Structures are given as structure tokens and as C-alpha cells.
Number of protein chains: 2
Amino acid sequence: MAKLKLQISVSLDGYLTGPNPGEEHPLGEGGEALHEWAFKLAAWREPHGREGGEVNPSTEVFEDATENVGAVIMGRGMFGGGPGPWSEDPWQGWWGDEPPFKVPVFVLTHHEREPLVKGETTFHFVTEGIESALAQAKEAASGKDVALAGGADAIQQYLAAGEVDEMWINVAPLLLGGGTRLLDNVGPEIGLEQVRAIEGPDAAHLKYRAAG
Amino acid sequence: MAKLKLQISVSLDGYLTGPNPGEEHPLGEGGEALHEWAFKLAAWREPHGREGGEVNPSTEVFEDATENVGAVIMGRGMFGGGPGPWSEDPWQGWWGDEPPFKVPVFVLTHHEREPLVKGETTFHFVTEGIESALAQAKEAASGKDVALAGGADAIQQYLAAGEVDEMWINVAPLLLGGGTRLLDNVGPEIGLEQVRAIEGPDAAHLKYRAAG
């Protein structure tokens with residue numbers, strides 16, 4: 001059965017981006033450090049076109065979250081900033097000419113737009129809400145899993161809808177003290193089941209099933 | 001070297017008490033469930049005068065945090081509610097006639113008061129601030145560790161002061177959606193070092209060193 005799954009890195013105080021995100025700090029001040037555990041991995045470096053890297057207990061987590069993915073869903077903010085599609089220079093996103101996804105990506109947005117092809121990745125813009133995006137992504141994934149890439153708002157909406165089958169939360173050993181919290185606006189009606197807890201050298205990895 | 005150490009149970013969204021704490025729900029709505037992992041343990045039940053219980057991977061965590069403790073520090077709210085000492089019926093705390101500590105307890109407060117003896121536990125009321133309380137507790141502990149019992153405000157103050165040597169955060173697989181967050185008002189200036197991550201059957205246990 002195809003799953004909707006996510007993995008996300010947060011600080012010990014629960015932020016997935018730090019304070020004052022912008023051009024200088026896309027992930028907010030200090031936010032890059034949340035992902036150090038992944039940047040070190042051979043499993044992260046290879047699909048990003050870089051050599052070397054480690055194999056350590058975090059590798060299993062990274063592969064579990066990223067393998068067998070046939071489509072991706074993300075919020076508009078994660079696709080990237082810039083002016084809207086009505087502009088003469090419509091937003092091209094933050095992912096460059098060769099985004100790492102290489103599967104169809106469904107972007108939650110309020111603005112209709114034709115699909116955007118970047119390298120091996122096509123971004124589809126979905127204005128009909130999260131359930132429609134999930135249905136389209138599942139169809140595009142052809143039986144593989146759908147990865148929910150973020151950000152916080154999109155994840156909170158899918159959690160509240162009871163649609164998240166697997167959630168890896170990678171807890172980096174640092175405090176950001178501000179920014180956007182992953183788990184705000186979500187309440188006790190979301191049943192969680194602890195599936196795993198793994199000690200990586202640079203993060204603790206907690207896996208949950210989320211029931212509606 | 002005697003350490004200041006703490007262990008605290010939080011929800012996945014980071015709350016150590018749920019919404020609307022009061023007579024009916026001392027730990028807030030849903031807050032009791034944060035401690036289920038401990039209530040099941042033989043290591044918790046024995047000092048609380050109860051029989052039975054489990055030995056599982058959480059036992060090591062519970063014992064690491066509770067063994068070799070020679071004194072306890074807590075905030076006024078954790079000592080317990082009720083009218084102040086100027087009342088005809090001064091507050092006796094929430095811990096009954098036989099509190100489980102059985103070592104000197106130092107309560108951070110703004111109100112001077114003579115020590116209060118309850119069973120094998122004496123509560124000392126410290127009005128000179130956190131550093132004074134820590135010095136008094138270390139002296140009383142005679143070389144053993146000092147446990148910081150909570151609540152959030154006291155923990156945040158000691159973290160900000162760089163005085164927490166060991167911190168076990170027990171993450172219960174549930175969302176509270178409101179209440180008091182453990183890690184608010186603390187920022188990136190507090191350096192954390194991840195020491196352990198242990199998968200218990202009913203909680204994930206994360207241990208950190210906190211540097212100033």
C-alpha cells in the first residue's frame with residue numbers, strides 16, 4: 001500500500017527553521033545546522049552529485065524516508081519565493097535547473113499555473129487543496145510512496161487530516177530559540193504510535209505512525 | 001564531580017504540562033499520559049510503595065536520572081499551590097505526608113519561610129535565586145548529584161545559566177496541543193551535546209549535556 005511519508009529535521013526546541021529566514025538564511029538563522037547529520041551521509045551526497053560521505057546509523061533513516069518515493073508534495077513556501085506567475089518573470093523556485101527530486105512534485109498553492117519542468121523534475125501546481133494534491137501525487141507515484149517535503153503548514157494540514165502514514169523526526173542537538181515550529185496548531189486528536197527511535201551520531205531519529 | 005541533572009517527560013510537541021492545569025488535572029489535560037512510560041516501571045513503583053512493574057530499556061534511563069541524588073531543586077509551582085505562608089493555613093504542597101524525595105528539597109520562591117518537614121523529606125525555601133539554591137543543594141548533597149525536578153521556568157533559568165550537566169528528555173508519543181513548553185525562552189547560546197538516544201517501549205529517551 002502506497003504511503004504518505006515525511007522526514008523532517010528539527011531543533012530540540014522543535015523548530016524546523018530558525019528566526020528571520022530570508023536571502024541570507026533561507027532556513028532562518030542557524031537553520032542549516034539542523035541538516036548537518038544528513039549532509040555528512042554518503043546517502044545524501046550521492047543524489048546531490050557530491051562524492052564521499054559517511055555510512056552511519058543515520059543512513060538507514062535517510063534511506064527509509066527517501067527510498068521508493070514516486071512523487072513529492074510540498075507547500076508553496078518550500079517551492080520557493082519570488083513574484084507570482086502573473087509577473088513577467090514568474091517565480092522559478094529555489095531548486096535550480098536540476099532539482100534533486102526527479103519525480104513529479106505537487107506544490108500546494110492558491111495560484112493556478114501551468115506545470116514547470118526543471119531538469120528531470122516537473123512541478124505541478126495544485127489549487128484544490130491537500131486531498132486533491134494527495135490523490136494526484138498517489139496516481140503519479142504509481143504504487144510507490146508519496147513524500148511530504150514540508151513546510152510546517154503543509155505537514156500540519158496533512159497531520160490534522162489523518163493522512164500521514166510515517167513520520168521521521170530528526171532531532172538535531174541544538175536550540176534555535178525562534179522560527180517556525182513543526183508541531184504547532186496540531187492537537188491531541190492526532191493519535192501517534194512510536195515506531196522507532198535511533199541514535200545517530202549527530203541527531204536522534206524518532207519515527208511515528210500518525211492516525212487520524 | 002557532583003552534577004546538576006534533570007529528567008523530564010514531554011509530548012512530541014514539547015509540552016511538559018497540558019492545557020488548563022488545575023485541581024482536576026494537575027498536569028493539565030492529557031498531561032498524566034506523559035509519564036505512562038515511568039509508571040509501568042518496577043524502578044518507579046518500588047520507591048512509590050507499589051509492587052510489580054516492568055524492567056525494560058527505559059529502566060536504565062530512570063535509574064540514571066534518579067540514582068545517586070543527594071538533593072532536589074524545584075520551582076514554587078512544582079512544590080504545590082495553595083495560600084502563602086502568611087495565611088493561617090500555609091501551603092503544604094502537593095506531595096502529601098510522605099514525599100518520595102527523602103533528600104533535602106530546595107524550593108525556589110519569592111517568599112521566605114521556615115523549612116517544612118514532611119516524612120523523610122525537608123523542604124527548604126530559597127529566596128536568593130537559582131545560584132544560591134544550587135550552592136545550598138550541592139552542599140546538602142555532600143558530593144552526590146543534585147536533581148532539578150522542574151517546572152519549565154526553573155529548568156529554563158538553569159539552562160540559560162549554563163548549569164545543567166545532564167538532561168534526559170523523555171519524549172512521549174502524543175501531542176498535547178497546548179500547555180507549558182519545556183524549551184521556550186531559551187536560545188542558541190546554550191550549546192547542547194547529544195549523549196544518548198534510547199528507544200523505550202513507550203517513550204524515546206534523549207540525553208544531552210548542556211554547556212553554558
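Let me begin at one end of the main sheet of chain A, where β5(A) and strand β6(A), the latter covering residues 121-126, run antiparallel to each other and are joined over 3 bridges. One of the residue pairs there is Lys118(A) with Thr121(A), the partner that lies in β6(A). Please keep in mind throughout that what we are looking at is a predicted model.

Now let us widen the view to the sheet itself. It is an open sheet of 9 strands in chain A, with mixed pairing, and its order reads β5-β6-β4-β3-β7-β1-β8-β11-β10. The edges are formed by β5 (116-118) and β10 (191-199) of chain A, each of which has a pairing partner on one side only. As you step from one strand to the next, the twist averages 25°.

Two helices of chain A deserve a look here, since they pack on this sheet. Helix α3(A), residues 57-66, touches β1, β3, β8, β10 and β11 of chain A, and its direction makes about 140° with that of β10(A). Helix α6(A), residues 152-160, touches β1, β3, β4, β7 and β11 of chain A, and its direction makes about 130° with that of β7(A).

Stepping back to the whole of chain A, we count 6 helices and 11 strands. For a chain of 212 residues, a compact globule would have a radius of gyration near 17 Å, and because chain A has 17 Å, the value agrees with that expectation. The C-alpha trace of chain A spans about 45 × 35 × 30 Å along its principal axes, and 43% of the 212 residues in the chain are buried. If we take the contacts in chain A with a separation of 6 or more, 64% of them join residues 24 or more positions apart.

Let me turn to some backbone details. In chain A, the peptide bond from Gly150(A) to Gly151(A) is cis, with omega near -5°, and Gly151(A) sits in the loop between β7 and α6 of that chain. In chain B, the bond from Gly150(B) to Gly151(B) is cis with omega near 0°, and Gly151(B) lies in the loop between β7 and α6 of chain B. We also find positive phi values in residues other than glycine: Asn20(A) has phi near 55° and belongs to the loop between β2 and α1 of chain A, while Asn185(A) has phi near 65° and belongs to the loop between β9 and β10 of chain A.

Which residues of helix α6 in chain B are buried? They are Ala152(B), Ala154(B), Ile155(B), Tyr158(B) and Leu159(B). Viewed down the axis of α6(B), these buried residues fall within an arc of 165°, and therefore they line one face of the helix. The general background is that an α-helix has 3.6 residues a turn, so residues three or four places apart point the same way. After α6(B) comes Gly162(B), whose phi is positive, near 70°.

Finally, let us consider how the chains meet. The contact draws 25 residues from chain B and 25 residues from chain A. On the side of chain B that touches chain A, β10(B) and β11(B) each supply at least two residues, and β10(B) gives the most, with 7 residues. Sorted by class, that side of chain B has 16 nonpolar, 5 polar and 4 charged residues.

Note on methods:
Residues are numbered from 1 along each chain as its sequence is written. Chains are lettered from A and ligands numbered from 1 in the order in which they are written. This is a predicted model: local features need pLDDT of at least 70, side-chain atom pairs count only at pLDDT 80 or more; totals for chains, interfaces and linings use all residues. A residue is buried if 20 or more other C-beta atoms lie within 10 Å of its own, exposed if 12 or fewer, and partly exposed in between; C-beta atoms are placed from the backbone. Helices (H or I, at least four residues) and strands (E, at least two) are DSSP runs, numbered from the N terminus. The arc is that of the directions from the helix axis to the C-beta atoms. Two strands pair if DSSP finds at least two bridges between them. Axes are lines fitted to C-alpha atoms, for helices over the stretch in contact, and angles run from 0 to 180 degrees between N-to-C directions. Two residues are in contact if their C-beta atoms, placed from the backbone, lie within 7 Å. Ala, Val, Leu, Ile, Met, Phe, Trp, Tyr, Cys and Pro count as nonpolar, Asp, Glu, Lys and Arg as charged, and the others, Gly among them, as polar. The radius of gyration is taken over C-alpha atoms; the globule rule is 2.2 Å times the number of residues to the power 0.38.
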